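Reader: I am new to this structure. Please walk me through it.

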Amino acid sequence: MGAQEKSPNSNNSMQRVKIYRLNDDGKWDDQGTGHVNVDYIERSEELGLLVVDEEDHETLLLHRISADDIYRKQEDTIISWRDPEYSTELALSFQEMTGCSYIWDHICSVQRNMHFSSLNNETFHSVNSDLRELPPVEISTLSLILKTVVESGIADQLRVTELILQDQDFFHKLMDLFRISEDLENIENLHIIYKIVRGIIMLNSPQIFEKIFGDELIIDIIGCLEYDPDAPLVHHRNFLKEHVVFKEAISIKDPIVLSKIHQTYRVGYLKDVILPRVLDDPTVANLNTIIHSNNAVVVSLLKDDSTFIQELFGKLKLTSSSAESKKNLVHFLQEFCTLSKSLQVVQQHRLFRDLVNEGIFDIIADVLQSQDKKLVLTGTDILILFLNQDSNLLRSYVVCPEGLALFGLLVKGMLTDFEDDMHCQFLEILRSLLDSYASGTQREAIVEIFYEKHLSQLIDVITSSCPANGTAETVSNSESSDGVTGKHSCVKPEILLNICDLLCFCIVHHPYRIKCNFLLNNVIDKVLFLTRRKEKYLVVAAVRFMRTLISRNDEHLMNYIAKHNLLKPVVDVFVANGDRYNLLNSAVLELFEHIHKDNLKILLKYLVDSFWDELVKFEKLTSIHSLKMKYEQSLDCSGTRSVGNLLDDPRKRIDDRGLEKEEEEYFNEDSDEEDSASVANASKAQSQLAFPNGSAPSVSPVRSGGLVDYDDDEDYKPPPRKQSDNSDEDGSVESFPLKRKLSPKEEPEPKRLQRIAKGSKSRDSVFAALCSTLSQAVLPSKETGSTAQDGPCSDGDKKSAESNHEEKENSTDNGSGDLDNHDNPEPNCPKSCSESMQSPDNRQRGDDYPLIPPKSSPEMAVNGS
């Protein structure tokens with residue numbers, strides 16, 4: 001069956017491949033391109049991979065498919081393997097994914113057939129097909145026993161297991177041979193026995209495990225496993241007998257419990273020390289199941305023994321016990337609680353509740369006061385087990401009067417230096433107790449206790465551990481709860497970091513508490529003392545504290561921060577850090593970014609107004625630049641520009657004019673006393689006419705007596721006024737027009753008069769007073785009417801005068817009382833008005849800006865717009 005016969009079938013592009021071989025330099029060499037197929041090798045019944053050159057049809061590769069797991073499929077188009085015959089790495093790179101999958105499926109199918117055929121070959125049948133009993137256990141038959149156990153196929157492993165379990169004396173006889181061989185120092189037989197025992201363990205039978213891990217055989221089994229031919233000799237038996245000591249803190253009288261405890265330790269030793277590199281995953285899983293089952297049996301038997309529990313707690317409560325005895329009892333209690341996790345959830349809860357009734361928390365409170373720091377950490381481990389099981393058990397105890405001492409010890413423990421040991425367990429316990437999302441009625445009581453009694457203790461540790469400078473003198477050195485100041489001057493930085501983390505936790509979970517306690521006790525300023533520390537991670541912790549505080553978006557807190565200049569330490573450390581790109585730089589920029597994105601206007605204004613001179617050199621950073629841009633946008637939106645800028649263009653934003661809030665309140669007033677005052681103010685204010693577009697001109701303060709005031713009218717001399725009669729009106733004359741000039745938006749007078757007409761009687765009286773005043777200003781009186789008519793007045797002025805008389809007559813009924821006060825104007829005032837209107841400069845301005853449009857309605861003539 002040559003290559004020429006395969007060439008017609010190899011034209012399929014699906015099976016077009018490139019052959020690569022790995023050279024000595026670690027690079028892949030191209031061996032040619034051809035077509036691959038799976039077919040029988042010539043003069044053989046074995047299948048192989050055949051690659052024929054696509055041009056000259058020569059054989060490029062002929063590989064016999066192996067039953068071993070040497071083939072790998074990579075990236076859906078590559079099949080690679082290590083050829084055992086030539087000791088080289090080969091790879092086939094397919095043109096199409098379908099061709100790669102096709103050949104890969106063929107290889108897998110051939111391997112499966114090879115595995116099945118191996119179960120039915122003649123050699124296997126000659127050894128194991130008629131296996132009805134195991135060979136006799138003798139020194140001469142050890143090799144045959146090894147072959148039966150180790151070389152049996154998957155189908156006969158169950159048969160071998162069954163035969164071993166049926167022979168009750170199999171292991172006893174095998175252990176006798178082991179002792180004889182060990183006495184004779186027959187290393188070859190000892191190696192064979194090692195392989196037999198290892199093969200039996202690899203059968204992974206729970207029934208066999210139960211036998212060999214019993215008290216009678218376990219030591220000899222471990223002895224057999226000492227003679228590994230591939231490893232140096234290790235005396236495991238001597239270690240278990242001489243160095244491993246079973247400490248019995250309290251006498252256990254149940255033999256089953258003692259047997260399970262010893263068996264658990266030895267199985268774990270075998271799994272983790274003797275055979276860690278030999279055992280497969282299923283066998284390890286079965287061994288772990290044995291350990292877990294033994295733990296459940298031990299805990300269940302001990303918890304049901306009431307005399308044992310009472311004796312245990314009785315010894316723990318004895319004050320006369322030695323330190324070593326108490327230490328062993330506490331460690332036993334910790335292990336007992338740890339092993340309880342092997343029980344079911346309901347049984348676990350019942351056990352922990354029974355332990356609480358026995359007074360376990362009182363014992364732990366005593367343990368936390370021990371000078372042995374490792375024993376203290378053991379007590380915290382027990383508390384964490386209770387919190388994980390049912391945190392309400394510990395909460396219920398802490399809120400009781402006898403439990404307050406335990407809470408104080410937990411806070412004190414978080415401030416204690418445990419050297420290289422873990423001390424963050426106290427932080428985790430306090431977090432769990434203060435968690436606002438936890439269920440239970442004791443939550444609020446615990447929070448109240450913490451803030452009243454222990455918060456100041458944590459803050460005092462920070463203030464006493466940070467170097468003092470000019471800002472530190474303003475902070476009062478309050479004493480801690482134990483009356484000692486400065487005792488924590490050498491606190492480890494890790495403890496300060498834990499305190500800061502706990503405070504951040506409190507900010508998130510107790511937003512209403514921090515608003516009261518933090519502000520009253522000046523906590524924020526004291527925590528920011530951490531920015532003076534040389535440890536950068538403590539400085540970052542202080543920045544993180546401020547970031548957490550600001551994230552509450554509480555306006556009261558932000559006002560407090562701005563008022564007390566609390567961001568100054570953060571800005572100072574940021575400026576001192578310079579252009580160094582580190583965690584501190586990122587933390588501060590993230591804080592600024594949060595203020596910018598959430599548009600916190602109070603902090604935005606406070607930052608830019610107070611620190612822009614320092615931050616301006618960092619404006620190239622996006623966060624700083626965005627901060628400045630947001631600040632300017634907020635100024636524009638809030639209308640904080642100067643009044644002069646608003647009055648530069650009197651025609652600006654004509655369509656958006658409207659009444660100010662103050663004017664609306666002014667006109668909505670219903671008091672009769674204020675009506676009379678408003679009439680006097682309005683009569684003065686209307687002496688200044690508006691431009692045709694309704695906006696007020698930019699002029700200096702009003703001079704009494706003139707209708708319009710011009711700066712270039714040098715010949716104008718105001719007539720004398722009666723000081724006694726008008727002294728009270730001067731203040732209102734100055735204030736009311738000023739308010740009118742500052743108004744950014746004004747509503748046209750016709751709409752105003754319509755609003756006022758719809759109001760109460762007081763509004764009608766004000767309207768009548770305004771009309772009367774305007775009529776006297778434009779057409780002073782009948783006595784002086786001829787004087788005003790002699791001047792060059794426009795048609796619009798005449799119409800305005802006529803409309804004023806009409807409006808005055810229509811409104812005399814509603815406002816007759818108010819008009820009586822204004823019927824007798826000052827005698828010189830009309831003359832000055834007419835002179836001002838007849839001045840050449842006035843006529844010149846009237847050409848460009850006529851006071852009254854030619855085609856104006858009577859209402860427009862009244863308001864002068």
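Reader: How much area does the chain expose, and what share do carbon and sulfur atoms supply?
Author: The chain exposes about 46400 Å². Accessible areas come from the Shrake-Rupley method with a 1.4 Å probe, and for residues only the protein chains shown count as cover. Of the exposed area, carbon and sulfur atoms supply 49%.

Reader: What kind of model is this, and how are residues numbered?
Author: The model is predicted: local features need pLDDT of at least 70, side-chain atom pairs count only at pLDDT 80 or more, and totals for chains, interfaces and linings use all residues. Side-chain values use heavy atoms, with hydrogens and water left out, and residues are numbered from 1 along each chain as its sequence is written.

Reader: How many helices and strands does the chain have?
Author: Both are DSSP runs, numbered from the N terminus: helices are H or I with at least four residues, strands are E with at least two. The secondary structure of the chain comes to 41 helices and 7 strands.

Reader: What percentage of the residues is buried?
Author: Buried means under 20% relative accessible area, exposed over 50%, and partly exposed in between (1.4 Å probe, protein chains only). The chain has 865 residues. The buried share is 44%.

Reader: How many salt bridges are there?
Author: A salt bridge needs a side-chain nitrogen of Lys or Arg within 4 Å of a carboxyl oxygen of Asp or Glu. By this rule the count is 26.

Reader: Where do R159 and E162 lie, and is R159 buried or partly exposed?
Author: R159 forms a salt bridge with E162, with the closest N and O atoms 3.8 Å apart. Both lie in helix α5 (residues 154-166), 3 residues apart, about one turn of the helix. E162 has a relative accessible area of 39%, so E162 is partly exposed. R159 has 27%, so R159 is partly exposed.

Reader: Are R237 and E226 buried or exposed?
Author: Their side chains meet in a salt bridge at 3.2 Å, N to O. The pair links distant parts of the chain, 11 residues apart: R237 is in helix α10 (residues 236-243), E226 in the loop between α9 (218-224) and α10. Both R237 and E226 are buried.

Reader: Which helix holds E593 and K597?
Author: The side chains of E593 and K597 meet in a salt bridge at 3.8 Å, N to O. K597 has a relative accessible area of 61%, so K597 is exposed. The two residues are 4 apart, about one turn of the helix, and both lie in helix α27 (residues 583-597).
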